[in-house]
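Please look over the sheets, cores and aromatic contacts of this protein. A short report is wanted for use at the bench.

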Amino acid sequence: MSLDKKSLSERDICTKFITPAVVGAGWDLQTQIREEVTFTAGAIHVKGKVVKRGKGKRTDYILYHKPNLPIAVIEAKDNTHTVGAGMQQALAYADRDALDLPFVFSSNGDAFLFHDKTANGGPVEQEIPLDQFPGPDELWQRFCNWKSIKAESEALVTQDFYSDGSGRSPRYYQLNAINRTIEAVATGQDRVLLVMATGTGKTYTAFQIIWRLWKSGLKKRILFLADRNILVDQTMRQDFKPFGGAMHKIKNRNAEKSYEIYLSLYQAITGTDETDDTFKEFSPDFFDLIIIDECHRGSAKEDSQWRRILEYFSGATQIGLTATPKETEYASNIHYFGEPVYSYTLKQGIEDGFLAPYRVIRIDIDKDLTGWRPESGKTDKHGEVIEDRVYNQKDYDRTLVLEERTKLVARKVTEFLKATNRYDKTIVFCEDIEHAERMRQALANENADLVAENRKYIMRITGDDAEGKAELDNFIDPESRYPVIATTSKLMTTGVDAKTCKLIVLDQRIQSMTEFKQIIGRGTRINEDYDKLFFTIMDFRKATELFADPAFDGPPISVYTPQSDESVVPPDDLEEDDPSLPADPGEFPDIESSDDLPADAVTGAVFPAAKGGKRQKYYVNDVEVMVVAERVQYFDPNTGKLITESLRDYTRKQVKRDFTSLDDFVQHWTTAEKKQAIIDELEEQGIFFEALADEVGTDFDPFDLVCHVAFDQPPLTRQERADNVRKRNYFTKYGEQARAVLNALLDKYADAGVTNIEDMSVLRVDPFSGFGSPVEIIKWFGSKDAYMQAIRELEAQIYATVK
């Protein structure tokens with residue numbers, strides 16, 4: 001009997017035709033072929049209290065030259081489609097900002113359509129028979145020619161990745177970053193820039209790059225540079241651990257020369273005087289590879305300490321890692337390293353579901369908006385006469401302290417935590433160390449009950465305080481309950497892998513996009529085991545106006561600005577508002593590095609003396625402050641703009657993108673073999689029926705919710721629809737037993753919705769289990785096909801009218 005291809009499923013086409021063709025061309029099924037590969041995690045959608053993860057992107061096949069060296073993608077379709085029906089989908093997966101693969105195939109089991117990005121003068125696309133699928137050697141040679149990889153460099157390009165035996169494989173973007181860097185070095189590039197958003201695994205990526213270059217024998221002595229001690233120690237304990245005894249941390253200015261992998265703070269090998277430069281105890285050709293972590297913070301400046309090190313070891317291959325490439329009038333990563341060989345942005349990470357999305361609560365305080373001017377001769381609480389001028393947000397907590405303002409910020413933070421979860425990890429960014437201490441005190445007073453239970457509920461974690469710094473690992477550790485709230489200035493802006501941080505409070509005037517991105521990065525890591533899927537930013541300093549800057553690449557899901565009498569917790573439903581106003585560029589002059597920050601922000605000098613020995617700060621404790629506005633906005637991925645809109649408005653807009661009219665939607669709904677498919681599709685686009693039902697009514701099913709919200713139709717409850725079916729005497733054409741089953745199914749629909757009656761497993765629960773076994777029940781309808789037809793007809797009766 002001949003096989004009817006058109007009756008086969010897509011998976012059957014893969015198993016019976018595509019896989020045999022690929023294996024027959026010489027590809028190894030075990031090491032070179034992976035099927036049904038999901039390469040993104042699925043974006044996380046947040047609406048009000050409802051959080052859902054969408055589906056990840058999945059391709060039918062990825063072909064590898066060897067493990068972790070992908071070169072081709074195949075998209076399959078069943079035989080009711082044409083050979084090239086999957087090509088556009090496959091090309092999207094193979095794009096430079098996705099899997100980044102040069103060879104793309106589509107097939108329906110009859111032949112292959114082959115798209116060759118490496119084609120030079122020949123056809124880009126051509127149809128090839130199943131028995132002429134190109135072999136692995138042929139595609140690899142084309143790949144090498146395309147990448148200009150010479151035969152002598154192939155050993156490096158194909159060097160194995162490190163494997164710990166667990167089966168862990170780098171994510172697709174990490175593979176892209178690692179492989180592009182290795183290819184760049186293999187083709188002679190000695191300055192390489194890699195841009196990866198905070199939380200995407202830069203250090204793990206760096207480890208695999210170093211491992212492959214080291215194991216290949218091309219690079220024998222390697223230096224990893226960072227500017228924070230925690231970054232070096234964390235790296236040695238975690239990602240770099242496999243280097244074992246070959247690894248050494250340079251400290252105490254001791255230039256030990258017997259190791260292969262060196263890690264160091266740049267401060268540990270440079271001095272204030274060039275004669276103190278420890279790095280010069282190594283010969284200029286000692287290191288043949290240098291990795292510069294967070295290279296935006298130093299190496300970009302011509303006169304920086306980093307640059308002195310890099311120029312001394314100028315013969316070494318130098319790879320810069322950064323989440324925020326710096327490009328200003330005064331500093332340039334790109335000028336030094338060249339264009340990035342690979343970039344993976346915050347926006348991409350959020351869209352792929354590897355980074356947490358976030359909402360923003362903007363809180364405006366009256367004295368921040370209007371400023372404050374002391375009356376003539378007014379003194380602060382220490383008796384100092386306050387200079388007569390207008391003070392504004394630029395001054396607060398730097399030159400003048402309004403103590404009531406500090407208390408108000410602490411009160412609003414506490415209000416939010418009490419309404420959500422008082423044990424959610426929180427970082428409060430303050431202007432300087434002294435401000436962080438005052439904020440700690442204010443928060444302790446607002447949370448006296450929990451501080452009484454454990455004094456470490458709130459800790460100041462700053463560079464000058466040994467006890468606070470000692471708690472940093474506990475704050476980062478998901479299993480450690482305390483500290484819960486950390487107040488800080490600069491110490492925690494980078495290098496703090498706080499995977500469970502759910503609240504970031506900005507009471508610090510952020511003056512650079514680089515620093516802003518770093519701070520946002522403290523919350524972007526996901527930890528599903530601890531219910532960390534998104535986070536919230538509370539902004540008291542208008543820092544989040546930087547979201548409107550074209551240089552920002554990862555806007556928030558929402559921004560909320562409540563009025564003074566409203567709850568600080570964002571509502572589930574918001575009214576339409578204008579997009580966020582752009583930031584005034586003059587408000588955010590770049591700070592090049594921690595060297596340029598005020599002394600009290602870096603060194604911990606709480607009261608630096610001004611001229612004449614007077615205090616630099618005035619402390620005012622008798623000026624009232626109040627909240628005047630708070631706002632939340634949602635980020636629309638389709639327009640790329642921040643909007644404040646209601647759940648209804650969002651649903652209406654998303655539905656009308658896919659369905660042009662009520663008739664169009666009803667047609668799709670009624671002809672769908674399973675209604676759940678349409679529900680899943682709409683939920684993928686961020687429509688949350690659970691949240692919508694809470695607002696419109698829990699007695700309505702998704703069909704009526706969509707018709708009502710998107711097309712202004714009066715909704716019918718599930719019970720009303722069930723009653724209408726019974727009024728039509730529709731069941732009379734069935735036997736008595738089948739009628740009883742259909743009546744019970746109608747009751748089930750009225751109680752729980754249409755998806756329950758579409759699932760045959762419903763026949764195993766009450767009241768159906770009392771009728772008989774599923775096999776017996778199906779026999780009452782004649783056959784399984786007849787039962788399924790009865791279900792489809794029942795659904796048609798349920799949705800027969802839209803009133």
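The report below covers a sheet and its helix, the nonpolar cores, a set of parallel strands, and the aromatic contacts. The model is predicted.

## The six-strand sheet

Six strands build an open sheet in the order β1-β4-β5-β6-β7-β8. Pairing in this sheet is mixed. Which strands stand at the edges? They are β1 (33-38) and β8 (125-129). Each has a single partner strand, so one side of each is left without a neighbour in the sheet. From one strand to the next, the twist averages 30°.

Inside the sheet, β5 (residues 69-76) and β6 (residues 103-107) run parallel and share five bridges. One bridge can be placed by residue: Val73 has Val104 of β6 as its partner.

Helix α1 (residues 10-24) lies across β1, β4 (58-66), β5, β6 and β7 (111-116). The helix runs at about 15° to β4.

## The nonpolar cores

The largest nonpolar core counts 119 residues. Ile18, Val22, Ile74, Phe105, Phe112 and Phe243 have the most contacts inside this core. Which element gives the largest share? Helix α5 (residues 172-186) does, with nine residues. A second core is separate and has 54 residues, among them Leu662, Ala691, Phe703 and Phe781.

## Strands β9, β10, β13, β14 and β15

Strand β9 (residues 191-196) is a good place to begin. Six of its six residues are buried, so β9 is largely enclosed by the rest of the structure. Arg191, Leu193 and Val195 point one way, while Val192, Leu194 and Met196 point the other way. In a regular strand, side chains alternate between the two faces of the sheet. Note that Arg191 is among the buried residues of β9.

Strand β13 (289-292) is also covered on both faces. Leu289 and Ile291 are buried on one side. Ile290 and Ile292 are buried on the other.

The pairings of these strands are listed here.

| Strand pair | Sense | Bridges |
|---|---|---|
| β10 (residues 222-226) and β13 | parallel | four bridges |
| β13 and β14 (residues 317-322) | parallel | four bridges |
| β9 and β14 | parallel | five bridges |
| β9 and β15 (residues 342-344) | parallel | three bridges |

Residue partners help to trace these contacts. Leu223 stands opposite Ile290 in β13. Ile290 in turn stands opposite Gln318 in β14. Gln318 is also the bridge partner of Arg191. Finally, Met196 stands opposite Tyr344 in β15.

## Aromatic contacts

The whole structure holds 49 aromatic pairs. A pair of aromatic rings is described by the distance of the centres and the angle of the planes. Two pairs are described here.

Phe279 and Tyr312 form an edge-to-face pair. Their centres lie 5.2 Å apart, with 70° between the planes. This pair links distant parts of the chain, 33 residues apart. Phe279 is in the loop between α8 (266-269) and β13, and Tyr312 is in helix α9 (residues 305-312). Are the two rings' residues buried or exposed? Phe279 is buried, with a relative accessible area of 1%. Tyr312 counts as partly exposed, because its relative accessibility is 21% and the buried class requires under 20%.

Trp372 and Tyr391 form a tilted pair. The centres are 6.3 Å apart and the planes meet at 35°. Both residues are in the loop between α12 (366-370) and β18 (400-402), 19 residues apart. Trp372 counts as buried at 9% relative accessibility. Tyr391 counts as buried at 1%.

Phe279 and Tyr312 also belong to one aromatic cluster. Its other members are Tyr259, Tyr262, Phe282, Phe286, Phe287 and Phe313.

Charged side chains meet aromatic rings too. The charged end of Lys257 sits over the ring of Phe282, 5.4 Å from the ring centre. Phe282 is one of the cluster residues. Elsewhere, the charged end of Arg168 sits over the ring of Tyr204, 3.8 Å from the ring centre.

Terms used: Residues numbered from 1 in each chain as written. Predicted model: local features only at pLDDT ≥ 70, side-chain atom pairs only at ≥ 80, totals over all residues. Heavy atoms only, no water. Pairing = 2+ DSSP bridges. Helix = DSSP H or I, 4+ residues; strand = E, 2+ residues; numbered from the N terminus. Axes fitted to C-alpha atoms, helices over the stretch in contact; angles between N-to-C directions. Contact = heavy atoms within 4.5 Å. Core = buried A, V, L, I, M, F, W, Y, C linked by side-chain atoms within 4.5 Å. Buried < 20%, exposed > 50% of the residue type's maximum accessible area, 1.4 Å probe, protein only. Phe/Tyr/Trp six-rings, centres within 6.5 Å; stacked < 30°, edge-to-face > 60°. Lys NZ or Arg CZ within 6 Å of the ring centre and 35° of its normal.
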